[in-house]
Amino acid sequence: MERYTTRQKKNIADVIGFHYRKSLRQIETIASDGGIISDQNAYEDAIRYVNTVDRALKDCSNETKFIIRNGILIIPEPGWYEEVYSKNTFYRLRKKAIEEFLNCLKH
């Protein structure tokens, strides 16, 4: 991931988060519809996507898990991190967390 800028890596992580949320919604919608699946392939793709992201997170440090889950995989409230980190510390740790997360995804 060295060839990408910090901003590009953040954008990649944000796209992963968007598709993760979309896949979860798709899975939850089918579950709430009593398991009626109109597109089996799309459903299986959604499950695979969520499982892949969740599996990559298992290989990450606890701090990375916290930052990625709360700042990328869910839509965070503005300033969600302020009770835990200063702004500078958060941005430094987020950069490290995104790098670690993306590296875990590619392996």
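Here is a short conversation about the helices of this predicted model.

Visitor: What kind of model is this, and how are residues numbered?
Guide: This is a predicted model, where local features need pLDDT of at least 70, side-chain atom pairs count only at pLDDT 80 or more, and totals for chains, interfaces and linings use all residues. Side-chain values use heavy atoms, with hydrogens and water left out, and residues are numbered from 1 along each chain as its sequence is written.

Visitor: How many helices and strands does the protein have?
Guide: Helices (H or I, at least four residues) and strands (E, at least two) are DSSP runs, numbered from the N terminus. From that end, the elements run α-α-α-α. The count is four helices and zero strands.

Visitor: What share of the protein's residues is buried?
Guide: Buried means under 20% relative accessible area, exposed over 50%, and partly exposed in between (1.4 Å probe, protein chains only). The protein has 107 residues. Buried residues make up 32%.

Visitor: How far apart are the end C-alpha atoms of α1?
Guide: The expected span of a helix is 1.5 Å times one less than its number of residues. Helix α1 has 27 residues, so it should span 39 Å. The distance between its end C-alpha atoms agrees: 39 Å.

Visitor: Which helices do the buried residues of α1 pack against?
Guide: Among the buried residues of α1 are K9, K10, A13 and I16. Contact means heavy atoms within 4.5 Å. By that rule, the buried residues of α1 pack against α2, α3 and α4.

Visitor: Is K10 buried or exposed?
Guide: K10 is found in helix α1. Leaving aside neighbours within four places in sequence, it is in contact with I72, R94 and I98. Its relative accessibility is 13%, so K10 counts as buried.

Visitor: What separates the C-alpha atoms of I72 and I16?
Guide: I72 lies in helix α3. At 4% relative accessibility, I72 counts as buried. I72 and I16 are 56 residues apart along the chain, with their C-alpha atoms separated by 8.1 Å.

Visitor: Within what arc do the buried residues of α2 fall?
Guide: The buried residues of α2 are Y43, A46, V50, V53, A56 and L57. They line one face of the helix, because seen down the axis of α2 they fall within an arc (of the directions from the helix axis to the C-beta atoms) of 165°.

Visitor: Which exposed residues sit on the face of α2 turned away from its buried side?
Guide: The buried residues of α2 pack against α1 (6–32), α3 (62–73) and α4 (87–106). The face turned away from the buried side carries the exposed residues N41 and K58.

Visitor: How is α3 set against α4: roughly parallel or roughly perpendicular?
Guide: Axes are lines fitted to C-alpha atoms, for helices over the stretch in contact, and angles run from 0 to 180 degrees between N-to-C directions. The axes of α3 and α4 come within 9 Å and cross at roughly 100°. Angles under 35 degrees count as roughly parallel, over 145 as roughly antiparallel, 65 to 115 as roughly perpendicular and the rest as oblique. That makes α3, set against α4, roughly perpendicular.

Visitor: Which residues of α3 make the contact with α4?
Guide: From α4, the residues in the contact include F90, L93 and R94. From α3, they are E63, T64, I67, I68 and I72.
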